[in-house]
Amino acid sequence: QVQLVESGGGLVQAGGSLTLSCAASGSIYRIGRMGWYRQAPGKQRELVAVVTDGGDTNYANSVKGRSTISRDNAKNTVYLQMNSLKPEDTAVYFCNADIWTWMYNMNNYWGQGTQVTVSS
């Protein structure tokens, strides 16, 4: 069984910084794309940033220039560093990953989410 466990959320003042972590565990053969999504109250879940297994990254316009996604393949972990946080960044942040449990079996997995609250 594969699990994604996020950590690092919390309450931060506007202008502050936060780093989220997401560690994958279980019977993992290979991890492909890893990413972060967020969902604010009353809104749809949206992409924040993704990183491929080759290291290519893509960011939502709303966080571009303020956030950095990275991964440590040896630790099966993806990070999201967020700077210059704004109240509109307040949301539950979810980790997402494409994970192979063996050579021909890939599934998409979600973490349980971690709350980020930015106070003005």
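## A nonpolar core, its strands and a buried glutamate

The largest nonpolar core has 30 residues, and Trp36, Leu80 and Tyr93 make the most contacts inside it. Six elements each give two or more residues to this core: β3 (18-25), β4 (30-39), β5 (46-51), β8 (77-82), β9 (91-102) and β11 (114-119). β9 gives the largest share, five residues. In soluble globular proteins, nonpolar side chains tend to be buried together. The model described here is predicted.

**How the strands pair**

Several of these core strands also pair with other strands. The table lists four pairings.

| Strands | Sense | Bridges |
|---|---|---|
| β3 and β8 | antiparallel | six bridges |
| β7 (residues 67-72) and β8 | antiparallel | six bridges |
| β2 (residues 10-13) and β11 | parallel | four bridges |
| β9 and β11 | antiparallel | three bridges |

Start with β8. Met82 in this strand is the bridge partner of Leu18. Met82 is also the bridge partner of Ser67. β7 and β8 form a hairpin, with four residues between the two strands. Asn76 sits in the turn and has a positive phi of about 50°.

Now take β11. Its side chains alternate between two faces. Thr114, Val116 and Val118 point to one face and are buried. Gln115, Thr117 and Ser119 point to the other face and are not buried. Two of the buried residues have named partners across the strand pairings. Val118 stands opposite Val12. Thr114 is the bridge partner of Tyr93. Tyr93 is also one of the residues with the most contacts inside the largest core.

**A buried charge**

Which strand holds Glu6? Glu6 lies in β1, residues 3-7. This residue is buried, yet it has no salt bridge. What is the nearest side chain of opposite charge? That is Arg45, 7.7 Å away. A salt bridge needs the charged atoms within 4 Å.

The side chain of Glu6 does have backbone nitrogens close at hand. A polar atom of this side chain lies 2.7 Å from the backbone nitrogen of Cys95. The side chain of Glu6 also reaches the backbone nitrogen of Gln112 at 3.0 Å.

Glu6 touches residues from several parts of the chain. Leaving aside residues up to four places away in sequence, its contacts include Ser21, Cys22, Trp36, Tyr93 and Phe94. Also among them are Gly111, Gly113 and Thr114. Trp36 and Tyr93, both touched by Glu6, are among the residues with the most contacts inside the largest core.

**Two exposed loop residues**

Is Gly42 buried or exposed? Gly42 counts as exposed because its relative accessibility is 88%. Its place is in the loop between β4 and β5. Gly42 and Glu6 are 36 residues apart in sequence. In space, their C-alpha atoms are 22 Å apart.

Asn61 lies in another loop, the one between β6 (57-59) and β7. Asn61 counts as exposed because its relative accessibility is 67%. What joins the side chains of Asn61 and Lys64? They share a polar contact of 3.3 Å. Asn61 and Ala49 are 12 residues apart along the chain, with 9.6 Å between their C-alpha atoms.

**In brief**

Glu6 is buried without a salt bridge, whereas Gly42 is exposed and so is Asn61. β9 gives five residues to the largest core and pairs with β11 in the antiparallel sense.

Key
Residues are numbered from 1 along each chain as its sequence is written. This is a predicted model: local features need pLDDT of at least 70, side-chain atom pairs count only at pLDDT 80 or more; totals for chains, interfaces and linings use all residues. Side-chain values use heavy atoms; hydrogens and water are left out. Buried means under 20% relative accessible area, exposed over 50%, partly exposed in between (1.4 Å probe, protein chains only). Lys and Arg count as positive and Asp and Glu as negative; His and the chain ends are not counted. A polar contact is a pair of N or O atoms within 3.5 Å; within protein, one must be able to donate a hydrogen and the other to accept it, and residues adjacent in sequence count only if both atoms are side-chain atoms. Contact means heavy atoms within 4.5 Å. A nonpolar core is a set of buried Ala, Val, Leu, Ile, Met, Phe, Trp, Tyr and Cys residues joined through side-chain atoms within 4.5 Å. Two strands pair if DSSP finds at least two bridges between them.
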